[in-house]
Amino acid sequence: MQIIGRLADQPEVSATSTGRDITRFALGVSSGRPDENGNRPVSWFRVASFVEGAQRDFLTSLQKGTQLYVEAEAKMDTYQAQDGSNRTQLNLLMRNFEALSRPQNREPSESTTGAESNTNAAEEPLSGVGQS
């Protein structure tokens, strides 16, 4: 599966039950026509990765709102919810990624001079392609 979306939050690393590190994040993918307020529907995808080293460091340094291209294995899993009902969930295991652009709106504290305008905060390509 290939998707392009924006990070819902900064990726987080945690340990699996076997002690292996796993990086998890969510991507929001806009689709369809904008409504009367200009907002487009968003689908959310949960992504997991076992990427290590410099690639993991790069991935976990990306800010909320960063646009990513992700190639992942997709698998539908069925599980039983707490209420006893059966649920199905799409799980994505990332194989490759590329950071396409920075967030459109940066926080003022992230500016180096304080005089930086929003025009510089528009989507700027990021250097460094991460591959797993």
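These legends describe close-up views of a predicted model.

**View 1. The largest nonpolar core.**
The largest nonpolar core holds 17 residues. I3, F25, L27, L59, L68, V70 and M94 touch the most other members. Five strands each supply at least two residues of this core: strand 1 (2-7), strand 3 (21-30), strand 4 (42-49), strand 5 (67-80) and strand 6 (86-101). Strand 6 gives the largest share, four residues.

**View 2. The surroundings of L27.**
L27 is among the core residues that touch the most other members. Neighbours within four places in sequence are left aside here. Beyond them, L27 is in contact with I3, G5, R6 and L7. Its contacts also include S43, W44 and F45. L68 and V70 complete the list. Of these partners, I3, L68 and V70 are themselves among the core residues that touch the most other members.

**View 3. The buried side of helix 1.**
Helix 1 spans residues 53-61, and its buried residues are R56, L59 and T60. These three cover an arc of only 90° around the axis, so they sit on the same side of helix 1. What covers them includes strand 2 (12-15), strand 3, strand 5 and strand 6. L59 also appears in View 1, as one of the core residues that touch the most other members.

**View 4. The largest pocket.**
The volume of the largest pocket is about 320 Å³. Its lining counts 16 residues, and G5, R6, G28, S30 and G65 are the closest to the centre. Strand 1, strand 3 and strand 4 each give two or more residues to this lining. The largest share, four residues, comes from strand 1. By class, the lining divides into seven nonpolar, seven polar and two charged residues. G5 and R6 also appear in View 2, where both are in contact with L27.

**View 5. The second largest pocket.**
The second largest pocket encloses about 260 Å³ of space. It is lined by 15 residues. R24, V47, A48, N91 and L92 lie nearest its centre. Two or more lining residues come from each of strand 3, strand 4, strand 5 and strand 6. The lining has eight nonpolar, two polar and five charged residues.

**View 6. D21 and its partners.**
D21 lies in strand 3. Its relative accessible area is 33%, so D21 counts as partly exposed. F50 is 29 residues away along the chain, yet the C-alpha atoms of D21 and F50 are separated by 6.6 Å. Neighbours within four places in sequence aside, D21 is in contact with V13, S14, A15, S49, F50 and R56. One of these partners, R56, is a buried residue of helix 1.

**View 7. R20, in the loop before D21.**
R20 is found in the loop between strand 2 and strand 3. With 43% relative accessibility, R20 is partly exposed. R20 and F50 lie 30 residues apart in sequence. In space, the C-alpha to C-alpha distance between R20 and F50 is 8.1 Å. Neighbours within four places in sequence aside, R20 is in contact with S14, A15 and F50. S14, A15 and F50 are also among the contacts of D21.

Conventions. Residues numbered from 1 in each chain as written. Predicted model: local features only at pLDDT ≥ 70, side-chain atom pairs only at ≥ 80, totals over all residues. Heavy atoms only, no water. Core = buried A, V, L, I, M, F, W, Y, C linked by side-chain atoms within 4.5 Å. Buried < 20%, exposed > 50% of the residue type's maximum accessible area, 1.4 Å probe, protein only. Contact = heavy atoms within 4.5 Å. Arc of directions from axis to C-beta. 1 Å grid on protein atoms, 1.4 Å probe; cavity = no way out; pocket = protein on both sides within 12 Å on 5 of 7 lines; lining within 4 Å. Points joined across faces, edges and corners; volume = space filled by probe spheres on them. Nonpolar A, V, L, I, M, F, W, Y, C, P; charged D, E, K, R; others polar.
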